[in-house]
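Visitor: I am new to this structure and should like to understand the terms used for it. Please take me through them one by one.

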Amino acid sequence: MKITDVEVICLRIPPMDGPCEWGDDAFIVRVHTDTGLVGTGESDTSPMVARALVEAPESNLYCSGLKRLLIGENPLEIQKLWDKMYWSSNYVGRRGAGIHAISAIDIALWDIASQFYQVPIYMLLGGKYRDKIRAYGTFIPADTPEENKVIAASLKDQGFTSLKFGGGILGDDPDTDEAIVKAVREQVGEDFELQIDIATKWRTYGHAASMFQRLAPYHLNWIEEPVLADDHQGYEKLSNMSLSKTAGGESLTTRYEFRDFLQRAKPDIVQPDITRCGGITEMKKIYDLAQMNGTKLVPHGFSTGILLAATVQFLAACEHGDLMEYSQSVSPLFHGLVKNLIPFENGFVTVPDCVGLGVALDEEMIETYRMR
């Protein structure tokens, strides 16, 4: 079996010159083979940047577009192809968007392998530890405390036992941050599991530390990305405050960045995104690093149903993969791109015993929102 094409699909809901919210664009790849098997993958990244990294011609032996490296290769040699892409693009792809593009291709290769061997991806990863995974809902907060009470009440009624909110105006103003957190806590109750995502907006350790103290009465389970993941010392000091757990890592790529983050920043929870960190292949290594450092791994995931499917298969094969993120994005790309989106039911996501990722894409939606 040989790879014959790496098809790139870039999607976007808003106009090209308009603002874009999380979940409103997508980078998808389909890896085609000469046997007719097709693998699907995605990355939660800048679609047009990732497209260039896949389709670019070679500039030198360290600066190659990924597609040309894969044509004619056996898609079942997943680790070998990961290493080839990493080595041959390391001038432009060793971190950041380059690894994002590799992640999408890697997920597509696992999709092909599962179809070829006719066993679920979790079986190729070593076996299934659980039939269902507890899921927490993530939403982008509205601008007022009362609006967020309504959102939180609705999600609790749907069966969520854990919620997180972040993005939007959260992190812009300390008084607003506290007002929204207070309102949501009052709505869901004292015993309900609640966490927030600051998306690094608190910027400095000093400000973040004061906000950890200010929000302590609301008993947040974790505070995500209070500062940039580069601020190892700030993260470590926040973790030592023992008020709320620290969480982060969604912006990091490869085992190398995660090794440094785990050992130097000492977060309580590490959050690689399977569509950014290096795909399923690299996620396995990051999980092992987290276990060796005594750190809980809870993947980041706020994109389409492709990411959701890959995350579920991965966590099912992890001994301690018992919590995942379930997007509450209002974007059509989350709700409609994958026609058979894995559902959330009564606090959990059931692990499908499917061959491959099992995703059926809406081709009409692809044509509607494709970036030309």
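Guide: Helices (H or I, at least four residues) and strands (E, at least two) are DSSP runs, numbered from the N terminus. By that rule the protein has 15 helices and 13 strands. The model is a predicted one, in which local features need pLDDT of at least 70 and side-chain atom pairs count only at pLDDT 80 or more, while totals for chains, interfaces and linings use all residues. Residues are numbered from 1 along each chain as its sequence is written, and side-chain values use heavy atoms, with hydrogens and water left out.

Visitor: What makes the protein as compact as a globular protein of its length?

Guide: The radius of gyration is taken over C-alpha atoms, and the globule rule is 2.2 Å times the number of residues to the power 0.38. For 372 residues the rule gives 21 Å, and the protein has 20 Å, close to that value, so it is as compact as a globular protein of that length. Along the principal axes, the C-alpha atoms fill a box of roughly 60 × 45 × 40 Å.

Visitor: How do you know what share of the residues counts as buried?

Guide: Buried means under 20% relative accessible area, exposed means over 50%, and partly exposed lies in between (1.4 Å probe, protein chains only). Of the 372 residues, 56% count as buried. The accessible surface, obtained by the Shrake-Rupley method with a 1.4 Å probe, comes to about 14600 Å², and 50% of it belongs to carbon and sulfur atoms.

Visitor: Why is Glu 364 called exposed?

Guide: Its relative accessible area is 67%, and the term applies over 50%; Glu 364 is therefore exposed. This residue is found in helix α15 (residues 363-369). From C-alpha to C-alpha, Glu 364 and Ile 180 are 39 Å apart in space, and they are 184 residues apart in sequence.

Visitor: Why is Ile 169 called partly exposed?

Guide: The relative accessible area of Ile 169 is 21%, between the limits for buried and exposed, so Ile 169 is partly exposed. Ile 169 lies in the loop between β5 and α8 (174-188). Contact means heavy atoms within 4.5 Å; leaving aside neighbours within four places in sequence, the contacts of Ile 169 include Ala 142, Ile 180 and Lys 201. The C-alpha atoms of Ile 169 and Ala 142 are separated by 7.8 Å, although these residues are 27 apart along the chain.

Visitor: Is Thr 200 buried or exposed, and how do you know?

Guide: Thr 200 has a relative accessible area of 16%, which is under the limit for buried; Thr 200 is therefore buried. Its place is the loop between β6 (193-197) and α9 (205-214). Beyond its neighbours within four places in sequence, Thr 200 is in contact with Glu 225, Pro 226, Val 227 and Leu 228.

Visitor: What makes β6 largely enclosed by the rest of the structure?

Guide: Of the 5 residues of β6, 4 are buried, so β6 is largely enclosed.

Visitor: How do you know that β5 and β6 pair?

Guide: Two strands pair if DSSP finds at least two bridges between them. Strand β5 (residues 162-166) and β6 have 5 bridges, in the parallel sense. Ser 162 stands opposite Glu 193 in β6.

Visitor: What is the strand order in the open sheet of 3 strands?

Guide: The order is β1-β2-β3, with antiparallel pairing. The edge strands, each pairing on one side only, are β1 (3-12) and β3 (38-43). Between β1 and β2 (residues 25-33) there are 9 bridges; Ile 9 has Ile 28 as its bridge partner in β2, and Arg 12 has Asp 25. In β1, 8 of 10 residues are buried.

Visitor: How do you know that Cys 277 is too far from the closest cysteine sulfur for a bond?

Guide: A disulfide is a pair of cysteine sulfur atoms within 2.5 Å. The closest cysteine sulfur, in Cys 318, is 11 Å from that of Cys 277, and is therefore too far for a bond. Cys 277 counts as buried, at 0% relative accessibility. The structure holds 0 disulfides. Cys 20 is in none, for the nearest cysteine sulfur, that of Cys 10, is 12 Å away. At 34% relative accessibility, Cys 20 counts as partly exposed.
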